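Here are my notes on this one, written as numbered points. Have a look at the picture before you read on.

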Amino acid sequence: MFDDFIVRAFAAGIGLAFITGPLGCFIVWRRLSYFGDTIAHTALLGVVTAYALDFNIIIAVLVVSCLLALSLLFLQRRTNLPDDALLGLLAHSVLAIGLVLLGILSFIRIDLMGLLFGDILSVNVTDLLFVWIGGGIVLIVLILIWRPLFAGTVNLELAKAEGLNPDLANAIFTLLIASVIAISIKIVGILLITGLLIIPASASRNLSSTPIQMAIISSIIGVASVVLGILTSMIWNTPTGPTILTITLGVFILTLLPLKKLLISKKKIELFDKR
Amino acid sequence: MNNYLVELNNCGVLRNHKWLVRGVSLKVSQGEIVTLIGPNGSGKSTTAKMSLDILKPDEGTNIIKKGMRISYVPQKISIDWSLPLRAIDFVNLVKKHKTSEINDALSITGIKHLIYEDVRNLSGGEFQRLLMARAIAKEPHFLVLDEPVQGVDYPGEIALYKTIQEIVKKINCGILLISHNLHVVMSQTDYVICLNGHVCCSGAPNTVIKEPEYLKLFGKNIDPTLAFYQHDHDHEHLPDGSIDDSKKE
């Protein structure tokens with residue numbers, strides 16, 4: 001069944017969109033979109049290192065992402081610069097280091113475009129295993145740390161005072177983001193992954209009234225966009241990753257239409273009539 | 001062995017070479033209300049955070065009884081727009097409760113009808129009541145209320161204090177209450193500590209009825225849920241918070 005590259009593409013995209021849904025919600029709630037972007041940028045360095053040392057790409061990206069998160073913590077304590085400045089500093093300098101290293105190690109042949117924008121049609125069975133098993137683990141861990149992570153998102157001190165451990169949950173959450181970015185490189189690429197995390201979650205925000213609802217709808221929007229995106233890219237022969245992202249944007253715009261408002265006001269009028 | 005829920009011994013917090021608060025000692029037992037009063041920036045919230053172990057004291061010790069349920073009503077919570085959150089979700093934030101328990105807690109604070117309302121649609125007073133409802137739904141052993149009546153008008157303040165009295169009666173927890181009102185505290189307060197970077201004075205409050213002077217001053221507008229606190233300072237503070245040595249006796 002997974003012999004067909006189209007089937008593999010669907011399987012990989014759907015698997016990834018499942019997990020980016022709830023994870024993306026936390027990124028939006030915690031205002032971490034720029035942080036996700038930074039980790040994605042540094043993934044290039046991970047990939048180059050992996051090629052140079054003949055090492056597994058996903059694990060190399062994970063290690064580099066963790067080092068990045070640690071450097072951020074260190075810089076936050078040592079400087080008085082705002083977070084977005086620190087993230088910008090790290091994102092672009094590490095991206096630059098990755099490119100410099102790529103130039104020095106001239107024996108490495110990397111499909112740079114594929115790395116930046118993904119190449120979902122070239123996903124192999126090993127990649128699929130990483131997406132589904134890795135994604136499954138990420139989802140399970142996210143469910144396990146949901147309460148302390150969510151309580152800490154609403155109010156860190158309250159969560160701490162009442163006996164939860166939000167700091168540990170935050171650290172694990174950072175690892176989860178890094179893992180998802182690592183497994184997504186081949187599917188949507190490092191420049192577009194933050195979009196797949198944020199846009200479905202943002203679209204879902206316009207439709208939901210509870211946190212769990214938002215996480216689930218976000219997954220559904222992501223999966224639907226992946227399916228539509230792959231189909232569209234086949235029909236029009238467009239690059240698949242960018243097509244998926246364009247579809248998510250389309251969904252986001254649709255959710256801005258006052259559908260929900262219309263429904264609610266209708267309900268209110270009915271209630272009013274009953275009185 | 002003592003039986004205090006929380007005990008601070010000569011605690012201080014140092015930030016950027018400045019003591020936010022220093023030399024604070026306090027004890028809260030079960031069923032007891034301790035009120036912290038003091039001007040802005042006097043270290044009330046810092047002291048509360050030490051009693052919750054959110055902040056580790058840089059000096060002195062904070063001893064917190066193991067295994068007790070703690071509820072905290074922080075001074076300020078802002079909910080980001082990106083987060084869809086109803087009152088019921090907020091009550092379930094730290095611990096999931098049965099719907100009946102949530103209904104009970106919301107009834108006590110008088111906002112049962114708002115259970116499925118988005119928290120950003122609540123008024124300031126309603127949100128304070130929601131914070132309180134969440135705190136009592138847990139049936140805590142130790143409850144910390146950081147300025148629970150801020151942004152609430154006078155009748156609302158009396159109503160909230162009455163609610164606190166009901167809570168004490170119902171779940172018999174120890175309460176650490178913070179108030180910026182320097183002279184009026186809850187009449188059921190067992191002990192008042194006046195802070196201004198350090199403990200200025202402390203003692204039990206006077207009940208209104210016992211003090212004809214105050215009655216003359218305020219008439220009968222003062223509700224019996226409130227009591228006056230008579231300060232007994234032996235020093236004065238300069239505008240920067242330091243102690244005025246020239247006037248010290």
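1. What share of the contacts in chain B with a separation of 6 or more comes from residues 24 or more positions apart? The answer is 69%, with contact meaning heavy atoms within 4.5 Å. Met68(B) gives you a nice case: its C-alpha atom is separated by 5.9 Å from that of His141(B), 73 residues away along the chain.

2. A word on what you're looking at. This is a predicted model, where local features need pLDDT of at least 70 and side-chain atom pairs count only at pLDDT 80 or more, while totals for chains, interfaces and linings use all residues. Residues are numbered from 1 along each chain as its sequence is written, chains are lettered from A and ligands numbered from 1 in the order in which they are written, and side-chain values use heavy atoms, with hydrogens and water left out.

3. How far can you trust it? The predictor gives the complex an ipTM of 0.82 and a pTM of 0.85. Chain B averages a pLDDT of 82, and 85% of its residues score at least 70; pLDDT is the predictor's confidence in each residue, from 0 to 100. Among the elements of chain B, helix α2 (residues 87-91) has the highest mean, 93, and helix α6 (residues 212-218) the lowest, 53. Where pLDDT is low, the predicted coordinates should not be read in detail.

4. Now the build of chain B. You'll find 6 helices and 14 strands in chain B. These are DSSP runs numbered from the N terminus: H or I over at least four residues for helices, E over at least two for strands. Of the 249 residues of chain B, 51% count as buried. Buried means under 20% relative accessible area, exposed over 50%, and partly exposed in between (1.4 Å probe, protein chains only). The accessible surface of chain B comes to about 12100 Å², and carbon and sulfur atoms hold 49% of that. Such areas come from the Shrake-Rupley method with a 1.4 Å probe, and for residues only the protein chains shown count as cover.

5. Back to Met68(B), which sits in the loop between β4 (59-64) and β5 (70-73) of chain B. Is Met68(B) buried or exposed? Met68(B) counts as buried, because its relative accessible area is 12%. Leaving out residues up to four places away in sequence, Met68(B) touches Leu5(B), Val6(B), His141(B) and Phe142(B).

6. Where the chains meet, 21 residues of chain A are in contact with 28 residues of chain B. Together the two chains bury about 2100 Å², 61% of it on carbon and sulfur atoms. Buried area here is the accessible area (1.4 Å probe) that two parts lose on being put together, summed over both.

7. How many salt bridges are there between chain A and chain B? The count is 4, while the structure holds 12 over all chains. A salt bridge is a side-chain nitrogen of Lys or Arg within 4 Å of a carboxyl oxygen of Asp or Glu. One of those across the interface joins Lys138(B) to Glu162(A), at 3.0 Å from N to O.

8. Some salt bridges stay inside a chain. Lys44(B) and Glu147(B) meet at 3.9 Å, N to O. Lys44(B) lies in helix α1 (residues 44-51) of chain B and Glu147(B) in the loop between β6 (142-146) and α5 (154-171), so the pair ties together parts that are 103 residues apart in sequence. Lys44(B) is buried at 6% relative accessible area, and Glu147(B) is buried at 7%. In chain A, Lys160(A) pairs with Asp167(A), the closest N and O atoms being 3.5 Å apart. Lys160(A) is partly exposed at 29%, and Asp167(A) is partly exposed at 39%.

9. Two backbone angles in chain A deserve a look. Arg31(A), in the loop between α1 (5-29) and α2 (33-53), has a phi near 55°, a positive value in a residue other than glycine. Asp54(A) has a positive phi of about 55° too, although it is not a glycine, and lies in the loop between α2 and α3 (57-78). Arg31(A) is exposed at 64% relative accessible area, and Asp54(A) is exposed at 71%.
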